[in-house]
Amino acid sequence: MLIRRPPDIPTREITEESAYFGRREFLRAMGYGAGVVAASAAVPGALMACAPGQADPDDKLTPWEAVTGYNNYYEFGTAKDDPAKNAHTLKPRPWKVKVEGEVARAADYDLDDLLKPFTMQERVYRHRCVEAWSMVVPWFGFPLKDLIARLEPTSKTKFVEFTTLADTGQMPLIRRPILDWPYVEALRMDEAMHPLTLMVTGVYGKTLPNQNGAPLRLIIPWKYGFKGGKSIVRIRFLERQPRNTWNIAAPNEYGFYANVNPAVDHPRWSQKRERRIGELFRRETLPFNGYADQVASLYSGMDLRANF
Amino acid sequence: MLLLALIPALKLARGVAIGYLGIDPVETLAITTGTAAITLLLCSLAVTPLRRLTGWNELIRFRRLLGLMAFFYAVLHVSTYVVFDQEGSLSLIAADVYEHPWVLFGMMAFLMLIPLALTSTKGWIRRLGGKRWNRLHRLVYPAAIFAVLHFLLAVKLDVRKPVLYIVVLAVLLGTRVVWARRRAATQAPAARQRPAPLTAAEPGN
Ligand code: HEM
């Protein structure tokens, strides 16, 4: 197993393993082996402008109970506590991921085979929902770009699309057509290749709970949460921009890009401020969820009001 | 009845007492109080049709209580919004109301409920006289309509609950229209001799 830290990951996004406990045990149990522990221990725990090993006082980790008990995962119900109640019917193993489209290594992969080459790492990201609430979450995963590199997309590829499981056996509630299942999300290739974009398999040092999108989900920390597809069963490489599920459901409310942007309001509510779960009062929302210095250049010259 | 109507408030009070109101306490407050307010408002509107259907006149005694409890929850609901969502800032609230129709609808409903709650006492009924009091209290119809529209627009995609409330409200208002028509049809010839027998003690709407 390769132990390395991509040089372009800003240290701000990485917490020290001692930020919480129980992770070593987990890693061992998961069979990731000592290599990962060593790798993450080698990662400087410093957050920008803070002493090493100290968390940014503005960004305290959102407790596990909230991260795993307050979810939007409509396949398991529309109330925030529905997924935690209902997602036990999801079976995250064995799991197949179909890779298709403009890609050399198109195939049906067993998830464990697909994950084998990658070194899992911890990333603490702010998570901003389009509904104007937010969390700070210690995800566990690997950069999507590493996976894409292995799958060898052709030069025609401009977009990557992620499809969520839609199985009435495991998700009885999808019989109600609240959204146009299966849930589909997509990224432009440069967004997908950005080092912040993360394939996630765990949270808080534990395997991803079903309600958080087990066994494999996407996290794009500068975009609204709905861009991060959960329980991914298909990755498709495309020449043309596909439509994403929420955009189909309400095109004037949810766009393709969905970058966190306090300057562009949702038609029904303001995006200027957000409630950090665990806090009573709202705080200012940051452009690109505070990751502007790393991602704003992806959109230079674009009208972000039109491309919301 | 009072106890039933107080259940949501007691639940919230318990939550405050034990220091846990769900993962997002502000959302819990807003949803619990909003749902209680609109439910009680529709219950208060169900009194008259139920009384007519069943002939059970005692029901009228609950109407004021239901209306006042609805208002009580509406006050809590709006306070939650003013304090936690907008931090008491009038300019933020004004901007929110101006930009978002569903907030405007909630505000309209709330503003209409205020005079109704204030004039709910016997003293006010006497002061206004049954007829004027009744006319004023017809405000409850647009208030309820604004409230269900507010509910409908507040939720995302899953509109089953607000649609249920809209259907119930439509039935409650519909029966009044039907009854009024029928009364007009049967009483039209006799209308001149018999003015509507509404007393101040028992105003009907
Ligand atoms: C100034 C007036 C009002 C304001 C600013 C207001 C604000 C809000 C807000 C912010 C929410 C969203 C809560 C959330 O989902 O987190 C909401 C939901 C709601 N409000 Fe209001 N509201 C007002 C008046 C009313 C009134 C008068 C009623 C009923 C009589 C009402 C009933 C509801 C209901 C039923 C919901 C939906 C709860 C749910 O999502 O299940 N609101 N309101």
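This note goes through the charged side chains of a predicted model, taking the salt bridges before a patch of surface charge.

1. Over all chains, the count of salt bridges in this predicted model comes to 27. The points below take up some of the pairs, together with the places of their residues where these are known.

2. In chain A, E161(A) and R234(A) form a salt bridge in which the closest N and O atoms are 3.3 Å apart. E161(A) lies in strand 5 (residues 159-164) of chain A, while R234(A) lies in strand 10 (residues 232-238) of chain A, so the pair ties together parts that are 73 residues apart in sequence. For a reader following the chain, this pair shows how a contact can be easy to miss in the sequence alone, since its partners stand 73 residues apart there.

3. The two partners of that bridge also deserve a look for how far they are covered. E161(A) has a relative accessible area of 4% and is therefore buried, because buried means under 20%. R234(A), with 23% relative accessibility, counts as partly exposed.

4. A second pair in chain A is D113(A) with K116(A), whose side chains meet in a salt bridge at 3.5 Å, taken from N to O. Here D113(A) is partly exposed, its relative accessible area being 45%, and K116(A) counts as exposed at 60% relative accessibility, because the exposed class begins over 50%.

5. In chain B, the side chains of D158(B) and R160(B) meet in a salt bridge with an N to O distance of 3.0 Å. D158(B) counts as buried at 13% relative accessibility, whereas R160(B) is partly exposed, with a relative accessible area of 48%.

6. Some salt bridges in chain A join up into a network, and the residues linked in this way are D59(A), R126(A), R128(A), E274(A) and R276(A). The reader should keep R126(A), which belongs to this network, apart from R126(B), which belongs to the patch described next.

7. On the surface, R64(B), K122(B), R126(B) and R127(B) gather in a patch of positive charge. Which helix gives the largest share of the positive patch? That share, 3 residues, comes from helix 6 (residues 122-128) of chain B. R126(B) has its place in helix 6 of chain B, and with 62% relative accessibility R126(B) counts as exposed. Residues of such a patch have no salt bridge, so R126(B) is to be read as a charge without a partner of that kind.

Methods: Residues numbered from 1 in each chain as written. Chains lettered and ligands numbered in written order. Predicted model: local features only at pLDDT ≥ 70, side-chain atom pairs only at ≥ 80, totals over all residues. Heavy atoms only, no water. Patch = residues over 30% accessible without salt bridge, like charges linked within 9 Å, V, L, I, M, F, W, Y side chains within 5 Å. Areas by Shrake-Rupley, 256 points an atom, 1.4 Å probe, with all protein chains shown as cover. Salt bridge = Lys/Arg side-chain N within 4 Å of Asp/Glu carboxyl O. Lys, Arg positive; Asp, Glu negative; His and termini not counted. Charge placed at Lys NZ, Arg CZ, Asp CG, Glu CD. Helix = DSSP H or I, 4+ residues; strand = E, 2+ residues; numbered from the N terminus. Buried < 20%, exposed > 50% of the residue type's maximum accessible area, 1.4 Å probe, protein only.
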